[in-house]
Every structure is written in structure tokens, then in C-alpha cells.
Amino acid sequence: MIRTLGRDRVAAIGVVLLLIGLVLPKVIYPVVGIDLLCFALFAVSFDLLFGYVGLLSFGQALFWGGGGYVAAIVIARGHVDVAIAIAVGVAYAVVAAALVGMLAVRRAGIYFAMVTLAVAQIQYFLAVQFVDLTGGDNGLNLGARGHLLGIPIENDVVYYYIAFVLVVLGIWFALRVTRSPFGSVLQAMRENEPRAIALGYRVNRYKVAVFTMAGGLAGFAGALYAVGNHLAGLEMVDWHTSGAVVMMTVLGGIGTVVGPVVGAGLFQLLEYFVAKTPIGEETNLVMGAIFALCILLFRRGIVGSFLTPRAKRAKV
Amino acid sequence: MLRVVNFAHGTMYMLGAFATYYGAQFLHLPFFPMLILAPLAVGLFGVLIEVVLLRRLYGLDPIYNLLLTFAIVLILEDLMRLIAGPLGSPYAIPDALSGATNLGFVLYPTYKLFVIAVALLVCVATWYVIERTAVGGRIRAATENPVITRALGIDVRRLITVTFGFGVGVAALAGVLAAPTTNVQPNMGDAIIIYTFAIVVIGGLGSIVGSIVAGFALGLIQAIGVVVYPPISTTLIFIMMVIVIVVRPAGLFGRVETGH
């Protein structure tokens, strides 16, 4: 419904975001821009789950951090092209997501959230304990970014634009998924699962499939992030990161694809600026308060509220 | 029980521990009164949260409740970090409970025996109230079917508030008990809440007996795990959860949930 009503507006927001993305490294520190891009794709991947199927996963850091760590390990150990490292990271995330998906779809609603959170914690503890492989508390540092398909990517601005193209492709992929027949089935499941079952759809297969896609995209974003920061650290697999992506997505507006991009951007910038106030490291004080207000007052999120006609807003 | 999954439960546990610490620091209150006072204070705080915030979301998907309590975790944790600093504060074991007791076959720290006794007492009392008393019957009815329960003239809203406050109070009590054994620090609730989720999933949601049995059993399994193969001890509980979900999706003692 949101899409048919607001397709022009989504397109308009998309164009504005693209333009902002193109000039961003001129405005802010390029590495912050890279973080912003990666989190935007991460949030979009989560939107596939929560916005389109209603699956609230609280363990997306599993794929984001998993993709990041695996890519970093491959670069550090294998000394191969970054493209290969990222591909291996994505492959890891896809396999992990397929397995976790098959497990988690056995439970629904809030239980789904609890199960995904708990499973993600397994990987967190593994990352803490296998110090030889992951660097433990220090994280895994990459001395240099190396080359991507032969292109040197050490320069932050160069890497920003490469990541920009890749992230846009990722988001385009997500958008295609939501507008495909497959995407329609997902939304049918969200709106009325028993009816979708009655229509003959094997909903659990669809859920696992979309969970795998979302995991793969999250892993892709995470790998780009780790390479961008020269680091795969524990906070990438921490459950607070899973929570942060939920906040970004809901804040921006679930089920809109462009919303999570806006949410991720605002979230990252806010965090960046709040950290410079006397509150300092304790940015969650502010982020949590904003998120609480969002949940209480505008559950459709920023973009969602903008896309929905006033009369229909009261409903959700 | 309430179909309200409270992410902030671990945070309430943390607040219980801090209440104990600050009670000693500023009001010079000894340990034993805090066993009552801290849960009471934190429980009232929980009631306030329920009435002011959570209540607004009851008509909606419970997912929103989960998200709101997650926001509360972030706010309270960082608030305590600002007030108390990220590092922990030590709290001494009360004199009366320090030292060790000879159990005949083994010398065991007295304080740990005390904790076990209190935990058992609270568990049994909770189970008794929920399963065997009239109030417990109403709580179960309100969970099962709030509309009919309301039609029978029971104030479901107030019942939920009181039960929520009680749950928060018990979490705070756990925090008081933990204060002397662990460092009192803002992130102490983090680890415990995820374990709690796993325990609840294993035990079966809405099943008090299930949670108690799963909780104690997992403590035991984990202790054995530490002896046999230390690196696995932190993940063992989650691996158990995975196995339980595969074998018995509803949890050991749970019923299959209907819909969401």
C-alpha cells in the first residue's frame, strides 16, 4: 500500500539520497561517510526482514560481524585481492543465515527475536575466545586495505566511491526483491500468515529464503565496513550492533527501503555529534531516548510518516 | 507470563545491585534491609515504567514492547555509566555471611549457601502464588484470555501492572544478591538478560516450572562444562537452546504458542 501510494515520493527521496551520497566525502570526513554507507546497506537488509515479513531479528550482528571478520581474516592470512575476501565474507554470512534461518523460523514474533539474539551470542563468544584468529578484545587489525580488482583502495575517497557504487547496487537488489513476485508473497505473509498458508505458500521456506538474502546483504555491508575501517572489532558482533540496526531501520521507516537509509544516516551523524558533547561515549542515552519516542509516537518512522496520507496514519 | 518480553529485566537487576551499593554508600544501610528495600524501590520504578510507557503499546504487536524496553536498557545503562562510571564498584559480603560452612562433605562459602536458599525460596514462593492461589489464578486467566477475564469483573490492567512490578522486584532482588559476589557495574545486566532469554526459550515461555528447572539445570551443565572443556562454557547454554528448538520447538515445558 505504501508503495503504490508513494512510489513517486520514494523515487524522489532516492534521487536526493543519491545526490547526497555523491557529495558526502566533500562535506564530512570520508571514513565517516564509508561507515554511513555500510550501515545504510545493513539497515536496508534488515528492512527486508522486519519491514517486509515482520520478522524481528535481534541477531543481525551475526552476519554483519561475521562477514566483516571473515573478510578481514582472509585479507590478513591469505593476502588476496579484497574482492575475493569480501566474497568469502558474504559466502560465510549466507551460509550462517541459511542455518540460523532454518532454526529461528520455528518460532515466531518475540521468540524469533530471542532465538536470533541468543544464536548471535554464540558467534560473539567464539570471536572473543579464538584470539589467534580474531585478535580477541583488540579486534583484527588490517595494516592496509590492499587492492580491489587490482585498483588500489588505500585512499579514503577512492574507497568511498567504490563502496558507494557497491552499496547502491546492494540497495537496488533489495528494492528489486521487494517489488518482485517473491516480495509480494513476503508482504502477504506479513499481513496475514494463515491466509498465505491457506493459499498454498510454504511460508517457512520463504522466511528462510529472505533471511538468507538479508544475511548475505548484511555480510556484504559488514565486509565493506571492516575493510573501510582497517578493522574487524568485537563491537561488530556485539548484540548492541544488532539493536542499533533495528533502531536505524525503525527510525527511518520500516518497509520503505529508502527509510532505513535515511535512518542509518541520521543515526550515524547524530551519534557522531552527540559523542562530541559532554555526554561523550554514552551516546546511547540520547539514541535510546529518540528511539523510545519513535516507538511511542511515530512507529512508521520518518520516511514512513512522510509517505503515508494523514488520515491513515492513526492506524498503526 | 504477561506476553510482555522485558528487555530491561537485566537492567532492573543492575539497578537492584546499584541500589544496594548506594544504600550502603550514602544511607549507611546494611545488607539485610536492602533485600527488601531495593526490590521495593526498583519494583516501584518498574510500575512507573509500565504505567507511563509500556501500557500505551498493549494494543499493538508485542514486538513494539520489546523495542521500547530495549530503548529503556540503552537509556538506563548509559545513565548509570554517566553517574557511576563504566568501571565497577566493589561491595563487601556482610560479616554474618562471610567465611565458609562445613557441609560435612565439602567446605562451601556461607554467602553462596545463603544465595541458593533465598533463590530457592523465591522460586518456590513464585510458583506457589502463580499456580496455587486465587491471585495467581487471575494472573493466569488474564494471560490466557484478557477479554473474558475483564468481562468477569477483574481489573486486568492493574493485575498486569502489579505482576510486572513484582517481576521487576524479583530481578532487583537477584541484583542485590549478586552485588557482593560480582563487581557492581552498569553492564552487569547485559550478559544476564541474554542468558535469561535462552533459559526462557529452553524452559518454555509462560512456564514458571520450566524456567526454574531449565535455569538450575543449565547452571549445573555449565559448571560441568567449565571442568570438562572451559572454552565452551560461555556458549554451552546457547548450544543447548539450539538443540531444544530443533527437538522440541515449544520448549521443554511449554505449549505451542498460538499465532504471535
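**Exercise 1. A loop residue in chain A**

Task: In this predicted model, find where V257(A) lies, describe its phi, and decide whether it is buried or exposed.

Solution:
- Step 1. Look in the loop that joins α11 (239-252) to α12 (258-274) of chain A; V257(A) lies there.
- Step 2. Check the backbone: the phi of V257(A) is near 60 degrees, which is a positive value in a residue other than glycine. For background, most residues other than glycine have a negative phi.
- Step 3. Count neighbours. Within 10 Å of V257(A) there are 27 other C-beta atoms, so V257(A) is buried.

**Exercise 2. Another positive phi**

Task: Work out which loop holds L149(A), and whether this residue is buried or exposed.

Solution:
- Step 1. Locate L149(A) in the loop between β2 (147-148) and β3 (151-152) of chain A.
- Step 2. Read its phi: about 50 degrees, positive although L149(A) is not a glycine.
- Step 3. Apply the cut-off, under which a residue with 12 or fewer such neighbours is exposed. L149(A) has 10 C-beta neighbours inside 10 Å and therefore counts as exposed.

**Exercise 3. Far along the chain**

Task: Say which helix holds L269(A), how exposed this residue is, and what separation in space it has from G33(A).

Solution:
- Step 1. L269(A) sits in helix α12 of chain A.
- Step 2. There are 13 other C-beta atoms within 10 Å of L269(A), so this residue is partly exposed.
- Step 3. Along the chain, L269(A) and G33(A) are 236 residues apart, yet their C-alpha atoms are separated by 9.5 Å.

**Exercise 4. An overview of chain B**

Task: Describe the secondary structure of chain B, its burial and the sequence range of its contacts.

Solution:
- Step 1. Count the elements: chain B has 10 helices and two strands.
- Step 2. Put them in order from the N terminus: α-α-α-β-β-α-α-α-α-α-α-α.
- Step 3. Turn to burial. Chain B has 260 residues, and 41% of them are buried.
- Step 4. Take the contacts in chain B with a separation of 6 or more: 70% of them join residues 24 or more positions apart.

**Exercise 5. Two helices checked against their expected spans**

Task: Compare the end-to-end reach of α1(B) and of α8(B) with the expected values, then ask how many of their residues are buried.

Solution:
- Step 1. Helix α1 of chain B (residues 9-26) has 18 residues and reaches 25 Å from its first C-alpha to its last, close to the expected 26 Å.
- Step 2. Of those 18 residues, 14 are buried, so α1(B) is largely enclosed by the rest of the structure.
- Step 3. Go just past the end of α1(B), where H28(B) takes a positive phi of about 55 degrees.
- Step 4. The 16 residues of α8(B) should span 22 Å at 1.5 Å a residue, which agrees with the 23 Å between its end C-alpha atoms.
- Step 5. In α8(B), 14 of the 16 residues are buried, so this helix too is largely enclosed by the rest of the structure.

**Exercise 6. Helix packing inside chain B**

Task: Find the angle at which α5(B) and α7(B) pack, and the residues that meet.

Solution:
- Step 1. Helix α5 (residues 134-144) and helix α7 (residues 156-178) of chain B pack at about 110 degrees, with their axes 10 Å apart.
- Step 2. Angles of 65 to 115 degrees count as roughly perpendicular, and α5(B) and α7(B) are therefore roughly perpendicular to each other.
- Step 3. From α5(B), R138(B), I139(B) and A142(B) meet V156(B), L159(B), I160(B) and T163(B) of α7(B).
- Step 4. Sort the residues of this contact by class: five are nonpolar, one is polar and one is charged.

**Exercise 7. Where the chains meet**

Task: Describe the contact between chains A and B, then follow L68(B) and A198(B) to their partners.

Solution:
- Step 1. The contact takes 35 residues from chain B and 34 residues from chain A.
- Step 2. On the side of chain B that touches chain A, α3(B) gives the largest share, 16 residues. By class, this side of chain B has 28 nonpolar, three polar and four charged residues.
- Step 3. L68(B) lies in helix α3 of chain B. With 24 C-beta neighbours inside 10 Å, L68(B) counts as buried.
- Step 4. Beyond its neighbours within four places in sequence, L68(B) is in contact with A292(A), I295(A), L53(B), L54(B) and L57(B).
- Step 5. Now take A198(B): leaving aside neighbours within four places in sequence, it is in contact with A118(A), I237(B), F238(B) and M241(B).
- Step 6. The largest nonpolar core has 174 residues, and those with the most contacts inside it include A118(A), A198(B) and M241(B). Helix α2 of chain A (residues 30-53) gives the most to this core, 16 residues.

Terms used. Residues are numbered from 1 along each chain as its sequence is written. Chains are lettered from A and ligands numbered from 1 in the order in which they are written. This is a predicted model: local features need pLDDT of at least 70, side-chain atom pairs count only at pLDDT 80 or more; totals for chains, interfaces and linings use all residues. Axes are lines fitted to C-alpha atoms, for helices over the stretch in contact, and angles run from 0 to 180 degrees between N-to-C directions. Helices (H or I, at least four residues) and strands (E, at least two) are DSSP runs, numbered from the N terminus. Angles under 35 degrees count as roughly parallel, over 145 as roughly antiparallel, 65 to 115 as roughly perpendicular and the rest as oblique. Two residues are in contact if their C-beta atoms, placed from the backbone, lie within 7 Å. Ala, Val, Leu, Ile, Met, Phe, Trp, Tyr, Cys and Pro count as nonpolar, Asp, Glu, Lys and Arg as charged, and the others, Gly among them, as polar. A nonpolar core is a set of buried Ala, Val, Leu, Ile, Met, Phe, Trp, Tyr and Cys residues joined through C-beta atoms within 7 Å. A residue is buried if 20 or more other C-beta atoms lie within 10 Å of its own, exposed if 12 or fewer, and partly exposed in between; C-beta atoms are placed from the backbone. The expected span of a helix is 1.5 Å times one less than its number of residues.
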